[in-house]
Amino acid sequence: MMAKSILVTGGAGYIGSHTCVSLRNAGYEVVIVDNLCNSDASVIDRVEAITGKRPVFLQFDMCERDELRKVFQRHSFAAVIHLAGLKAVNESVSQPLKYYRNNIEASTMLLETMDEFGVRNLVFSSSANVYGVPDSLPVQEHFPRYATNPYGRTKLIIEDLLTDLHSADSRWRIALLRYFNPVGAHESGRIGENPSGEPGNLMPYISRVALGKLPYLHVYGGDYPTEDGTGVRDFIHVMDLAEGHVSALQWLEMSPGIAAFNLGSGEGHSVLEMIAAYEDVCGRKIPYRIVARRPGDIPASFADPSLAQRELGWKASRSLHCMCVDEWRWQTVHSAQNA
Ligand SMILES: NC(=O)c1ccc[n+]([C@@H]2O[C@H](COP(=O)([O-])OP(=O)(O)OC[C@H]3O[C@@H](n4cnc5c(N)ncnc54)[C@H](O)[C@@H]3O)[C@@H](O)[C@H]2O)c1
C-alpha cells in the first residue's frame, strides 16, 4: 500500500519538526512548506538523520498562492497539518497587523487551495491561549473562549473560520488541537527549540541561564494566588504533542465533523518547580529574580485532556523529569555544535 502523504506547514519549526518525526515513525510521507522566518533549513537534515528519510522541503511563504497551488498540483495529500504561524504574544501586541496578515491570510490561502484540490482533512495548531483567563481548572474544551492578545485572537478567528467552513460544507474534517505548553526535545538531541533573541518561553530561557549565556532568569510574578506565588502551567513534552498529531490524523479518517481537543499533560507545575526540576537534571544552580507580572500573563492554567484520551486514544506519557533531561541534552549538543 502506498504511504499517505501529509502536508506540514511550518514543519521546520519547533513543534513541526518533531511532528514530522512522529509522522515518519507512523509511516506517513511528509512534505514541508516553511518560509524559515523562525527556523533553519538544517532542521531538514536533522529530521532525515533521525528518521532515515528526507522529507520533501519547499521554502516559501504560505501567502504565496501560486507556490501553494503548485505543491497541491505535484502531490496528492491525505491531509494537512497547519502549524505555520507567528507565535510571540508580546510581539503580537506591538505589531498586530503582522500577526493578522501572517496567521489569518496564510490560513485562508491554504483553505482555499485545499478546497480547490479536494483535500478537506485538516489538523490545526490552536492554543490554550483561546481560553483567556479560565474561570476554573482544569480547562475543558467547552469553556468560554476569548483572547487577551492579538496572537490569541488570530487563533480564535481561525477556529471560528474553520467552524463556519465546516457548517457550509460538511465534507471538511477538522481537528482543532489546543496545545498547552510544549517543552523538551527529541531524545536524540538533534532537534529542539532554539529561538532567536531573548526567549519568550520559560524552558529555552532557563536553558540559556543554565548554559551561562544569560546571567539569571526573570520570573514574572511572585504574588499569584498559587502555592508558591509563581505562575502555574501545563507543560507537555513536545514528542507527546507531536504524537497527538498522528492520533488526530487517524481520528479524522474515521470521524466526519469538527472538534477541539486539549493537548496537555493535565498537570500544573509552577515556574519554581520547573526551575528545581531543571537544576536536578543539569546539576547547576539556575539563578533567578522575581520581577513584576508580565501584562497578559495569567496565574494558572492546566488542561483536562480526557476528551483527547477518549476520542483520539492519546495521552501524554512523558514526565517533567524527562522533559528536562531531553531539553538539557538538546541544549548541550546544540551549543557544543555551535561553539
Ligand atoms: N510553542 C508553543 O508554545 C505553542 C503553543 C500553542 C500553539 N502553538 C502554535 O503551534 C504552531 C507551531 O509553533 P512552534 O512553537 O513550532 O513555532 P515555530 O515558530 O518554531 O514554528 C512555526 C514555523 O512556521 C513558519 N512560518 C511562520 N509563518 C509562515 C508563513 N507565512 N509561511 C511559511 N512558514 C511560516 C516559521 O518559519 C516556523 O518554522 C504555531 O501556529 C503556534 O502558534 C505553539
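Here is a friendly chat between two people looking at a predicted model of a protein with its ligand.

Colleague: Let's start with the ligand. How much of the accessible area that the ligand has on its own does the protein cover?

Modeller: Some polar atoms help us get our bearings: a backbone N or O atom of Met62 lies 2.9 Å from a nitrogen atom of the ligand. On its own, the ligand has 820 Å² of accessible area. Of that area, the protein covers 96%.

Colleague: Which element gives the largest share of the shell around the ligand?

Modeller: In total, 28 residues surround the ligand, and the closest are Asp34, Asn38, Ser39, Lys87 and Tyr151. The largest share of this shell is three residues, and the element that supplies them is strand 5.

Colleague: And by class, how many residues of the shell are charged?

Modeller: Let's go through the classes one by one. The shell has 13 nonpolar residues and eleven polar ones. The charged residues in the shell number four.

Colleague: How far from an oxygen atom of the ligand does a polar side-chain atom of Asn38 lie?

Modeller: Take Cys37 to begin with: a backbone N or O atom of Cys37 lies 3.0 Å from an oxygen atom of the ligand. For Asn38, we look at a polar side-chain atom instead, and its distance from an oxygen atom of the ligand is 2.7 Å.

Colleague: Now to Leu36. Is Leu36 buried or exposed?

Modeller: Leu36 is found in the loop between strand 2 and helix 2. Its phi is near 60°, a positive value in a residue other than glycine. Most residues other than glycine have a negative phi. Because its relative accessible area is 17%, and the cut-off is under 20%, Leu36 counts as buried.

Colleague: Which residue does a cis peptide bond join to Leu137?

Modeller: As background, most peptide bonds are trans. Here omega is about 0°, and the bond is cis. The partner we want lies in the loop between strand 5 and helix 6, and the residue joined to Leu137 is Pro138.

Colleague: One more residue, then. Why is Asn102 classed as buried?

Modeller: Asn102 is found in helix 5, residues 96-116. Leaving aside neighbours within four places in sequence, Asn102 is in contact with Asp61, Gly85 and Leu86. The class itself rests on a cut-off of under 20% relative accessible area. Asn102 is buried because its relative accessible area is 17%.

Colleague: With which residue does the side chain of Asn102 share a polar contact of 3.2 Å?

Modeller: We stay with helix 5, where Asn102 is found. The polar contact of 3.2 Å is between two side chains, and the partner of Asn102 is Asn103.

Note on methods
Residues numbered from 1 in each chain as written. Predicted model: local features only at pLDDT ≥ 70, side-chain atom pairs only at ≥ 80, totals over all residues. Heavy atoms only, no water. Helix = DSSP H or I, 4+ residues; strand = E, 2+ residues; numbered from the N terminus. Buried < 20%, exposed > 50% of the residue type's maximum accessible area, 1.4 Å probe, protein only. Polar contact = N/O pair within 3.5 Å; in protein donor to acceptor, adjacent residues only side chain to side chain. Contact = heavy atoms within 4.5 Å. Near = heavy atom within 4 Å. Areas by Shrake-Rupley, 256 points an atom, 1.4 Å probe, with all protein chains shown as cover. Nonpolar A, V, L, I, M, F, W, Y, C, P; charged D, E, K, R; others polar.
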